[in-house]
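Reader: I should like to learn how to read individual features of a structural model. Could we proceed feature by feature, with the general idea stated before each case?

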Amino acid sequence: MIILLVGSPGSGKGTQARFISERLAIPTISTGDMLRAECESETVLGLAAQSILAAGRLVDDELVNAMVVNRLSRPDCGDGFILDGYPRTIPQAFFLDSFVEERGLPSPRVIHLDVPMPVLISRLSSRWHCSTCHRTYNLLYQPPARKGRCDVDDAMLVQRNDDTEQVVRQRLESYHSLAGPLLDHYAGDRYHRIDGQCPPEDISRQIEEALRPVAAIPRGR
Ligand code: AMP
C-alpha cells in the first residue's frame with residue numbers, strides 16, 4: 001500500500017505518519033526529514049539545500065525526485081510506504097505516477113489533513129522539539145512541565161530554524177500556492193479529506209476507516 005500524506009506544514013502529518021507506520025508496519029519517508037539530515041551531514045545535496053530550507057522555499061524537483069527514488073528502492077519499502085511531504089508540486093506528482101506505473105505498484109491513497117491558515121501559523125511558530133529525543137512540544141497547547149526542557153530526558157528544547165514566524169509564512173504561502181493543483185491531480189476515490197483540527201486520536205481513527213477497505217487493518221488496538 002502506498003499512502004501520500006498531504007497537508008500544510010504543521011497539519012500534523014508527522015504525528016499521523018508515525019501512527020500509520022506502526023499500524024501497517026511500513027516505513028514513512030519524509031522528504032523534509034531527509035533534507036534536514038542531508039544538511040546536517042553537509043553532503044553535496046545538503047549544502048545545496050541549506051539556504052533553500054532556511055528561507056522556506058522548495059528544493060528543485062529533480063534533486064528531490066532523485067532522493068526519493070533512491071530511498072524507495074530500498075528493501076524496506078517492498079510492502080509499501082508512506083510519503084510525508086512528497087509530492088509537493090505537479091512535476092513531482094507526475095514523476096511519482098511514472099515511478100508507480102513502471103514498477104507495477106498499487107495506486108497511492110491520498111490522506112489530506114486540512115487545517116486553516118491562522119491555526120497553522122500559531123501551531124508552527126510555537127512548535128519546539130527536544131534536541132536529543134526529538135519529541136515535539138507546542139508551547140501554547142502542549143508545553144513541557146519544565147520551561148525549555150524535555151519531559152522525557154530533560155534535554156534542552158530547540159526550535160527548527162524554519163519555524164520562525166517569517167519563514168513559517170513563506171512555507172505556508174509556498175504550500176498553498178501549490179496545494180490546489182496537487183489536490184485536483186489526486187481527486188477521485190483514492191482521495192480522503194480529513195479535518196486536521198480534530199484531536200490526533202480522532203484523526204487516526206478517521207484515517208483507519210478511510211484505509212480499511214484497501215488495507216488489512218485489524219479493528220481495535
Ligand atoms: P517539511 O519538514 O515537510 O515542512 O519540509 C521542510 C523543508 O524541506 C521545506 O520547507 C522545503 O524547503 C523542503 N522540502 C521538503 N519536501 C520537499 C519537496 N517534496 N519538494 C521540495 N522541497 C521540499
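Author: Let us start with a pair of residues within one helix. In this predicted model, Arg 205 and Asp 202 are separated by about one helical turn, because they stand three residues apart in helix α8 (residues 200–211).

Reader: What do the side chains of Arg 205 and Asp 202 form, and at what N to O distance?

Author: The general test for a salt bridge is a Lys or Arg side-chain nitrogen within 4 Å of a carboxyl oxygen of Asp or Glu. The side chains of Arg 205 and Asp 202 meet in such a salt bridge, at 2.7 Å from N to O. Arg 205 is partly exposed, with a relative accessible area of 47%, and Asp 202 is also partly exposed, at 28%.

Reader: How many salt bridges does the structure hold?

Author: The structure holds 13 salt bridges. One of them joins the side chains of Arg 193 and Asp 114, at 2.9 Å from N to O. Arg 193 belongs to strand β8 (residues 191–195) and Asp 114 to strand β4 (residues 109–114), so this pair ties together parts that are 79 residues apart in sequence.

Reader: Are Arg 193 and Asp 114 buried or exposed?

Author: The general idea is a scale: under 20% relative accessible area is buried, over 50% is exposed, and values in between are partly exposed. Arg 193 has 48% relative accessibility and therefore counts as partly exposed. Asp 114, at 28%, is likewise partly exposed.

Reader: Which residue forms a salt bridge with Arg 212?

Author: The partner of Arg 212 is Glu 208, and their closest N and O atoms are 3.4 Å apart. Arg 212 is buried, its relative accessible area being 16%; Glu 208 is buried as well, at 7%. Elsewhere, salt bridges with shared partners connect Arg 127, Arg 160, Asp 162, Asp 163 and Arg 171 into one network.

Reader: How should one read the span of helix α7, and where does α7 bend?

Author: One compares the distance between the end C-alpha atoms with the expected span. Helix α7 (residues 165–185) has 21 residues and reaches 30 Å from its first C-alpha to its last, close to the 30 Å expected at 1.5 Å a residue. The axis nevertheless bends by about 40° at Ala 179, and a proline, Pro 181, follows within four residues. The buried residues of α7 include Arg 171, Tyr 175, Ala 179 and His 185.

Reader: What surrounds Tyr 137?

Author: For a single residue, one examines its place, its burial and its contacts. Tyr 137 is in strand β6 (residues 136–138) and is buried, with a relative accessible area of 1%. Leaving aside residues up to four places away in sequence, Tyr 137 touches several residues, among them Trp 128, Pro 143, Cys 150 and Leu 157. Arg 127 is another contact of Tyr 137; the two are 10 residues apart in sequence and 5.8 Å apart in space, C-alpha to C-alpha. The side chain of Tyr 137 also reaches the backbone nitrogen of Asp 151 at 2.8 Å.

Reader: Finally, which residues come nearest to the ligand?

Author: Of the 16 residues around the ligand, Thr 31, Arg 57, Gly 85, Arg 88 and Gln 92 come nearest. One then inspects polar atom pairs. A polar side-chain atom of Thr 31 lies 2.8 Å from a ligand nitrogen atom. Arg 36 places a polar side-chain atom 3.0 Å from a ligand oxygen atom, and for Arg 160 the distance to an oxygen atom of the ligand is 3.3 Å.

Notes. Residues numbered from 1 in each chain as written. Predicted model: local features only at pLDDT ≥ 70, side-chain atom pairs only at ≥ 80, totals over all residues. Heavy atoms only, no water. Helix = DSSP H or I, 4+ residues; strand = E, 2+ residues; numbered from the N terminus. Buried < 20%, exposed > 50% of the residue type's maximum accessible area, 1.4 Å probe, protein only. Contact = heavy atoms within 4.5 Å. Polar contact = N/O pair within 3.5 Å; in protein donor to acceptor, adjacent residues only side chain to side chain. Expected span 1.5 Å × (residues − 1). Bend = angle between axes of the 7 residues up to and from the residue. Near = heavy atom within 4 Å.
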